[in-house]
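Here are some notes to read with the model open beside you. I have kept each point short, so you can take them one at a time.

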Amino acid sequence: MNIQSIAKTIQLSDNRIITIETGKLAKQAHGSVVVKMGNAMLLATVVAQKEPKEGVDFLPLYVDYQEKFAAAGKIPGSFLRREGRLGDHEVLIARLVDRAIRPLFPPGYTAETQVNISLISADEDVLPDALAALAASAALAISPIPFAGPISEVRVARIDGRLCINPTPKALETADIDLIVGATAENILMVEGEMSEVQEEEMIAAIQFAHEAIKQHCQVQVALAQAVGVNAPSPVEANPQEAPAPAWKEMLFEALYDKVYAVSRQGINNKQQRKEALQAIAQTYLQSLPEDQEIAPCLFDDVFHKIEKQAVRSLVLEEGIRLDGRKLDEIRPIWTEIDYLPAAHGSSIFTRGETQSLTTVTLGSKLDEQLIDRVMTSGYSKFMLHYNFPGFSTGEVKPNRGPARREIGHGNLAMRALKKVLPPEEENPYTLRIVSDILESNGSSSMATVCAGSLALMDAGVRIKAPVSGIAMGLVMDPTTGKYAVLSDILGDEDHLGDMDFKVAGTQNGITACQMDIKVAGLSYQILEEALAQSKAGRLHILEKMNEGIAKPREDYKPHVPRIEMMQIAKDMIGAVIGPGGKIIQEIQRESGATVLIEEDDGVGIVKFFAPNQAAITKAEQLVKAIVAEPIVGEIYTGKVKNVKEFGAFVEFMPGKDGLLHISEVKWERIADLGGILEVGEEIQVKLTDIDIKTGKYRLSRKALLPKPSEATGV
């Protein structure tokens, strides 16, 4: 549709303006907008197939976010010098958008739908991740694609005790709450972020503050859609898959519901056994059918899944019974073990029910830091957490093709939960890498990673502020009656069949990270408060179990952990330690066996020593101290003869410092030349007798350390 450029604006409380414009770019897309804030500009486009693919019974939604390097006047640092596969940072932002918009497509809508968001202009004072979902929703709002929006996402941060929306990156550095909140005008959809051990009520206040800003965003999108001529936000008719006839569906429910309910009520805590029991019901029924009666497998599976979902939800709401027989707030059995891998710097096993993480901690030097080369940021990261989810953890065959988006997201959540308790660099100069390998999975493996990571850090001797545990909360809600149940430590099936996945991690003192996805409309703040209170009780219970294995960090690192020590030197001595072309520092490393790294920080030189043992570090420290030490008149030094002249010898009495040993200062006796007395390379003891203030030259004496002839002969 050919339309004129139309724009709407959103006024922020600090007088900044967000503009949403359509009709100028990408007009062949089904919906396209440009969202601008300051100099930051995001282009969002949406396209959908007219008809679904045959046999598809799910929504094939693809959400991609990409930052163009040209947006910030940069050239990519890769070998090809062009944008390649999406980085982890871009994947995480795409997930933020996906999780907010996916629940709002109508049931039965299965047409391939693609959302592309590109950062086409960057502003160092604007974080684009908080604008991506707004752009995606606005593009959907002006398109013919069925979507029960609009929605928006904002960043809410607490800085110096004050809540603010979409702060600048510099201001965010001092925030103790950093949340991305996604919502419609009526309901919260998604929450993700990190906090500095804040209380539950503080987190709720931040979410409410964010929701008020989102309501304004939604109103502006409705106005934009109306100006374009789309009757937003009312979704157009979806194109659902062919559904079974109501009578046939009712017959299946009548025949199978009670049997499925009875199996679900048995409280089978083994996922595979429970699955086999349900499969037996389905197989028995199918085998009992007359030969001339055929049922399409996809239709039967769809109805059987609905039967299972209704049975499980009714069991929870009516009887307070869960699939594995637990109470609503009961945590699965937990066992832990530390120092399981003797060669690792730190290791742990955390097992909760049928979810298990084997996690390692590796301590490296500055040379192991991760290079960050993004459009908005560049530099190095000293803390990495990698999460791996192999197929065997769920008894499935899955080729290993590197981390998928889910693994990147789960690893990032665990990283944010643990980052808040790491010691400052002066207490921990190491580069840290945590790797969580999920060996079994039946719900909340990301929170198992948090627990295992905390244990492994303490096993490695990293002095974290406090242990961190995590828990996943669920919800089953009947929208017609308003009846609901909050579930603690949910199973994989409870996540799949329920209405909420709310992950909360924190210490004894407060929350450090969270991630919440809602699958239904109408989540009240009362339910949110109840879920947080119940999660706190569960989180503290898990901490108690963890403390039985290890409650605080080891007093020292393990013997095989490489050692790092630091010392400060004057800024003007950095060059002296490095030497011409790095000659001096290379010699120090060769002689000591330690890796020596130097950097400037606030006008001071920081020297870091990294070595497999303390002896190598001690030797390197001695060599550096000798270089930076100031010569003192009257002190005695062991020096090396560097050059011999007619008038005397030049002796290196300190690293990089040569002094003149005049021929008259070699011996008490008068000598005509130094032949046969001193040789190049010879080590001798000398005394520093004078420093010329004007020239900085050093005068040495050897005879001052020798007895006078009269003293030697007794005369």
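1. Let's begin with helix H9, residues 445-460, bearing in mind that this is a predicted model. At 1.5 Å a residue, the 16 residues of H9 should span 22 Å, and its end C-alpha atoms are indeed 22 Å apart, so the expected and modelled lengths agree. As for its surroundings, 16 of the 16 residues of H9 are buried, so the helix is largely enclosed by the rest of the structure. Just after H9 comes Gly461, which takes a positive phi of about 90 degrees.

2. Next, please look at the sheet near the start of the sequence. Six strands make up an open sheet with mixed pairing, in the order S1-S2-S3-S4-S6-S5. Which strands lie at the edges? They are S1 (6-11) and S5 (61-67), each of which pairs on one side only. From one strand to the next, the twist averages 15 degrees.

3. Walking through the pairings helps to fix the sheet in mind. Strands S2 (residues 17-22) and S3 (residues 31-37) run antiparallel and are joined by four bridges; here Ile18 has Met37 in S3 as its bridge partner. S3 and S4 also run antiparallel, with seven bridges between them, and Val35 stands opposite Leu42 in S4. The hairpin of S3 and S4 has two residues between the strands, and in it Gly38 takes a positive phi near 65 degrees.

4. Strand S4 (residues 40-48) deserves its own look, as seven of its nine residues are buried, leaving the strand mostly covered. Eight bridges pair S4 with S6 in the antiparallel sense. Across that pairing, Thr45 stands opposite Asn116 in S6.

5. Two helices lie across this sheet. Helix H1 (residues 88-101) lies across S5 and S6 (113-121), and runs at about 140 degrees to S5. Helix H4 (residues 200-228) lies across S1, S2 and S3, running at about 165 degrees to S1.

6. Now for the rings: the structure holds 10 aromatic pairs. One of them is Phe105 with Tyr109, a stacked pair at 5.9 Å centre to centre and with 10 degrees between the planes. Both Phe105 and Tyr109 are buried. Together with Phe147, Phe105 and Tyr109 form one aromatic cluster.

7. How do the rings of Tyr430 and Tyr557 meet? Their centres are 5.1 Å apart and their planes are at 80 degrees, so the pair is edge-to-face. This pair links distant parts of the chain, 127 residues apart: Tyr430 is in the loop between helix H8 (405-419) and strand S17 (431-440), while Tyr557 is in the loop between helix H11 (525-547) and strand S22 (563-570). Tyr430 is buried, as is Tyr557.

8. There are also charged side chains over rings to inspect. Lys366 lies over the face of Tyr380, 5.9 Å from the ring centre. Arg406 lies over the face of Phe389, at 4.2 Å from the ring centre.

9. Is Glu494, in helix H10 (residues 492-497), buried or exposed? Its relative accessibility is 6%, and since buried means under 20%, Glu494 counts as buried. Leaving aside residues up to four places away in sequence, Glu494 touches Arg322, Leu323, Arg326, Leu487 and Asp489.

10. Finally, some backbone details that you may like to check by eye. The peptide bond joining Gly149 and Pro150 is cis, with omega about 0 degrees, and Pro150 is found in the loop between helix H2 (132-141) and strand S7 (152-159). Asn15 is not a glycine, yet has a positive phi of about 75 degrees; this residue is in the loop between S1 and S2. With a relative accessible area of 62%, Asn15 is exposed.

11. Asp339 belongs with these details: although it is not a glycine, it has a positive phi of about 55 degrees. Asp339 lies in the loop between strand S11 (334-338) and strand S12 (346-352). Why is Asp339 described as partly exposed? Its relative accessible area is 34%, and that label covers values between the buried cut-off of 20% and the exposed cut-off of 50%.

How values were computed. Residues are numbered from 1 along each chain as its sequence is written. This is a predicted model: local features need pLDDT of at least 70, side-chain atom pairs count only at pLDDT 80 or more; totals for chains, interfaces and linings use all residues. Side-chain values use heavy atoms; hydrogens and water are left out. The expected span of a helix is 1.5 Å times one less than its number of residues. Buried means under 20% relative accessible area, exposed over 50%, partly exposed in between (1.4 Å probe, protein chains only). Two strands pair if DSSP finds at least two bridges between them. Axes are lines fitted to C-alpha atoms, for helices over the stretch in contact, and angles run from 0 to 180 degrees between N-to-C directions. Contact means heavy atoms within 4.5 Å. Rings of Phe, Tyr and Trp (its six-membered ring) pair if their centres lie within 6.5 Å; planes under 30 degrees apart count as stacked, over 60 as edge-to-face and the rest as tilted. A charge sits over a ring if NZ of Lys or CZ of Arg is within 6 Å of the ring centre and within 35 degrees of the ring normal.
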